[in-house]
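Dear colleague,

Please find below the structure for your review. My findings follow directly after it.

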Amino acid sequence: MNRGAQAVVMVFLGGAILRASLTDLYLRYVKQGLRPFLIAAGVLLVVAAVMALVHEIRDMYRPAGTDDDGHGHSGPAVGWLLLLPALALLFVVPPALGADTAARAGSALTDNQDVAYPPLPPGDPARLSLLDYGYRAVYDQGRTLRDRQIQLTGFLAPGPDGQPMLARIVLSCCAADGIPIKIGLRGDVPHLPADTWVRATGRWIPHTAKDPVNDSDIPYFQLDVWQQITPPAEPYE
């Protein structure tokens, strides 16, 4: 690839990063806090590409007989393959991690959290993340969950007993390190396709099961009312 072709690749790559980071698309790849770094990286790539194009155009009109620094020479054509991830980001919208990841990966409740959990905020239903509910249910034996109405939001995934469970993917940094948090369901369980998002209201029950993937505990939730919802812009916890 000559310098002009390299600049074109950089423009596409920087543009793809900017498109993802200036919309909610980036939330399917990384945590929300990384957005400023993505925008900065995209801007730097585009600026560098524009500078390279300016130099290339200037060299094209350089008077004959001047020295050539060699930057216009072609390299391996395989460099054009760098366009593929950029084009994929520009034109393909991948789904967020979901039920398939929950089925193949073990639950996030693997480390004993020996901490004192504060009481839930006043007012029912108390809205909790699946991870918070799981920690309180397993490591605090449901002490702060008793006699409370709780609201959880997640997608449906097949459970170890064949019944639907509520799940969500937890990120440390990006989708590559995503692991699921799984909550078993009892009561008015919705029998909908996997990856359907629901908002569930119910109560803690003193029941757990073992995740067959990594033998971690899966707490259960007594479901009273549920509502199908559209997938949230930020699908991960």
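The loop between α5 (130-139) and β2 (150-158) holds Asp-147. In this predicted model, Asp-147 has a positive phi of about 60 degrees, although it is not a glycine. The residue is exposed, as its relative accessible area of 80% is over the 50% cut-off.

A second aspartate with positive phi is Asp-195, at about 75 degrees; it is not a glycine either. Asp-195 belongs to the loop between β4 (179-187) and β5 (197-210). With a relative accessible area of 41%, Asp-195 counts as partly exposed, because this value falls between the cut-offs of 20% and 50%.

Two further backbone features deserve mention. Gln-141, which comes just after α5, adopts a positive phi of about 50 degrees. The peptide bond joining Asp-124 and Pro-125 is cis, with omega about 0 degrees. Pro-125 is situated in the loop between α4 (99-104) and β1 (126-127).

As to the helix α5 itself, nine of its 10 residues are buried, and the helix is thus mostly covered. The buried residues are Leu-130, Leu-131, Tyr-133, Gly-134, Tyr-135, Arg-136, Ala-137, Val-138 and Tyr-139. Which elements cover them? The cover includes β2, β3 (164-170), β4, β5 and β6 (217-228).

In soluble globular proteins, nonpolar side chains tend to be buried together. The largest nonpolar core in this model has 28 residues. Within this core, Tyr-133, Leu-145, Ile-150, Leu-152, Leu-166 and Phe-221 touch the most other members. Two or more residues each are given to the core by α5, β2, β3, β4, β5 and β6. The largest share, seven residues, is that of α5. Apart from this core there is another one of 11 residues, including Met-165, Ala-167, Ile-229 and Tyr-236.

Leu-145 may serve as an example of the contacts. Leaving aside residues up to four places away in sequence, Leu-145 touches Leu-120, Leu-128, Tyr-133, Arg-136, Ala-137, Ile-150 and Trp-204. Of these partners, Tyr-133, Arg-136 and Ala-137 are among the buried residues of α5, while Tyr-133 and Ile-150 are, like Leu-145, among the core residues that touch the most other members.

In summary, the backbone features are the cis bond before Pro-125 and the positive phi values of Gln-141, Asp-147 and Asp-195. In the interior, α5 gives the largest share of the largest nonpolar core.

Yours faithfully

Technical notes:
Residues numbered from 1 in each chain as written. Predicted model: local features only at pLDDT ≥ 70, side-chain atom pairs only at ≥ 80, totals over all residues. Heavy atoms only, no water. Helix = DSSP H or I, 4+ residues; strand = E, 2+ residues; numbered from the N terminus. Buried < 20%, exposed > 50% of the residue type's maximum accessible area, 1.4 Å probe, protein only. Contact = heavy atoms within 4.5 Å. Core = buried A, V, L, I, M, F, W, Y, C linked by side-chain atoms within 4.5 Å.
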